[in-house]
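Student: I have a structure open in front of me, and I would like to learn how to read it one feature at a time. Could we go through it together?

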Amino acid sequence: MRRALDRTLFLASASCGVLACAVLVGFLAIIFSRGHSALTWSFFTDEMRQAGTGGGIVYNLVGTAILVGTAVVICAPFAIAIALLERVYLHNSTLRRILIGGIYTLNGVPTILFGIFGLIVFVKFFGWGKSWLTGGILLAALILPTVSVALIERIKSMPRKYLDAAAGLGLNESQIIWSVILPQSWGGLLTGLLLGLARAAGETAPIMFTATIFAGVSLPHGIHDSPVLSLPYHIFTLTQDSFDPSQDARLWGAAIVLLMLVLLLSLIALPSRLRIHEEAND
Amino acid sequence: MIEVCAQREAPPVMVERPQPVIAVRNLAVRTSARLILREASFAVERSQIFVLIGPSGAGKTTLLRCLNRLTDLMPGLQVTGEISVAEKSIYGPSVDVNALRARVGMIFQQPVIFPGSVAANVLFGAKRLRRMSRAEEETSLESVLREVALWGEVKDRLKAPALALSVGQQQRLCIARALAVQPEVLLMDEPTSALDPKSTQAIEDLLLRLKASRTIVLITHNIAQARRIADWIGCVYLRDGAGELVETSPCEEIFCNPRSHEVREYLSPL
């Protein structure tokens, strides 16, 4: 009886695992079979033509790169500040809990709300119109929890002996931060940023009313009324507007590119992510 | 042992002692839950090696860490009593703790090597604590490495990663790093317990040389080592669940004529 129960449990777990993998494989198979014919060299180097039915996606790639690049540049200093606040400056555990609670809450905010917030504050109130900078700021806020938590975990996993040794030499707090904590935890920042990038690159909701349009622009020329093209919004619009989305190889081609981009960023971050867990478990 | 004791001269009677470098009065350490160290008082004179011995968990490390306020970094510890270094209280409100730690350096049981070169490690504290020209850096680097007898072994690989050194060399490197900050006192928490006999010998020789210019407080579990290098010995023992400095005496005195039964018990091999 007990053996039968064990076996059933194992089989149930195994079939769930197989099902999860099968969904992923099937999903990949479908988009590759539909989209691979679009993946030519010129697809990556040409501008979009005829409302997405011709040409390539070069400015969509560039636009996405601008958005996530801006997000990273804005996010990094805030993430460092939050991590130092949590690990070094806040001695009061209640304040620390409030900070961490805030970070996790931010992580749980539906992304469409970021979009609406951006629309109200930046597009309307500041009068920026649609702007790449708004997109960068919103994506930065969106990935801030991921990046901060990765950095906090990294600093936490740092052996205590380094801090003791540096303090034992008479270094003050900021010298310890600059000479010990930050140099030893930049890997955590990098991991967090890569994971954040992977997430930001695929987001549509925060940027669709605030930072990106479907066609008609190339590179941004300023801040006011200066949207960019982007991959996710491109896919969104093509899917919504084309006569039969399933037959549109360019749509699926763009989806493959976006998926590969996100997968690549996650893969680059993987080794150092695993290392953080190992060190934390030491 | 008996022979050494027989040769011992009678302790000098009430000679005038110089001002101690470290004076500890009624030092007690507790957490909210329990007493860790019961009131301890002792003094360490200039150019002495003061060795703390006693069983594990008796509070030796905590006592040592009080002397340069590394205890501040351990949350929840409450330190009371009076400690002065060079006649200045170190627990007063206006004390610059970082400056204190530069004057009272600390060497840990396991050598702590920062990622980076030998040279970067040696100057890790020094070049951040005072402005140094390139020439000063080089002079300081060479002089402290010579002082710890490491110069000959590493002079051709000052730019090599310090982690490539042997553990014994790493520990001497840590001592060099502390010396580069020019401390008056060195605190050492079992500095040779991770080392092989040859490296241990090298460190002991080094300590005997260093004490001419610095005062050293050292913890060891190696009784033979204590006997070889100590001028004074303090024995910390657990009494009723809290650490207590049960005896402080000149080295020979404690070995030949221990006053408390705990010390007698601890020093007797069986």
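Student: Does Asn26(B) count as buried or exposed, and why?

Tutor: Before we begin, keep in mind that this is a predicted model. Asn26(B) counts as exposed because it has 12 C-beta neighbours inside 10 Å, and a residue is called exposed if that number is 12 or fewer.

Student: Where is Asn26(B) found, and which residues is Asn26(B) in contact with, leaving aside its neighbours within four places in sequence?

Tutor: Asn26(B) belongs to strand β1 of chain B, which covers residues 22-30. Once the neighbours within four places in sequence are left aside, its contacts are Glu39(B), Ser41(B), Gly81(B) and Glu82(B). Take Glu82(B) from that list: 56 residues separate it from Asn26(B) in sequence, while the C-alpha to C-alpha distance in space is 6.4 Å.

Student: How should I read a nonpolar core, and which residues have the most contacts inside the largest one?

Tutor: The general idea is that in soluble globular proteins, nonpolar side chains tend to be buried together. In this model the largest nonpolar core has 142 residues, and Val51(B), Ala176(B) and Val217(B) are those with the most contacts inside it. The largest share of this core comes from α6(A), which provides 15 residues. If you select Ala176(B) and set aside residues up to four places away in sequence, you will find that it touches Val122(B), Val144(B), Leu145(B), Glu147(B), Val148(B) and Leu150(B).

Student: Now I would like to look at chain A as a whole; how many helices and strands are there in it?

Tutor: Chain A has 11 helices and 2 strands, and from the N terminus on, two helices are followed by the two strands, with the remaining helices after them. Its C-alpha trace spans about 70 × 70 × 35 Å along its principal axes, and 37% of its 282 residues count as buried. Among the contacts in chain A with a separation of 6 or more, 75% are between residues 24 or more positions apart.

Student: How do I describe two helices that pack together?

Tutor: Two packed helices are described by the angle between their axes and the distance between the axes. In chain A, helix α4 (residues 93-108) and helix α6 (residues 132-156) have axes that come within 8 Å and cross at roughly 140 degrees, which makes α4(A) oblique to α6(A). This crossing of α4(A) and α6(A) is left-handed. On the α4(A) side the contact is made by Ile103(A), Tyr104(A), Leu106(A) and Asn107(A), and on the α6(A) side by Leu144(A), Pro145(A), Ser148(A) and Val149(A). By class, the residues of this contact are 6 nonpolar, 2 polar and no charged.

Student: What is the handedness of the crossing of α6(A) and α8(A)?

Tutor: The crossing of α6(A) and α8(A) is right-handed, and their axes come within 8 Å and cross at roughly 145 degrees. Their contact has 12 nonpolar, 7 polar and 3 charged residues.

Student: Finally, how many residues does each chain give to the contact between chain A and chain B?

Tutor: Chain A gives 12 residues and chain B gives 20 residues. On the side of chain A that touches chain B, α7 (160-168) and α8 (173-202) each supply at least two residues, and α7(A) gives the most, with 6 residues. The residues on that side of chain A divide into 5 nonpolar, 5 polar and 2 charged.

Definitions and conventions. Residues numbered from 1 in each chain as written. Chains lettered and ligands numbered in written order. Predicted model: local features only at pLDDT ≥ 70, side-chain atom pairs only at ≥ 80, totals over all residues. Contact = placed C-beta atoms within 7 Å. Helix = DSSP H or I, 4+ residues; strand = E, 2+ residues; numbered from the N terminus. Nonpolar A, V, L, I, M, F, W, Y, C, P; charged D, E, K, R; others polar. Axes fitted to C-alpha atoms, helices over the stretch in contact; angles between N-to-C directions. Parallel < 35°, antiparallel > 145°, perpendicular 65-115°, else oblique. Left-handed = near helix turned anticlockwise from the far one by under 90°. Core = buried A, V, L, I, M, F, W, Y, C linked by C-beta atoms within 7 Å. Buried ≥ 20, exposed ≤ 12 C-beta atoms within 10 Å, placed from the backbone.
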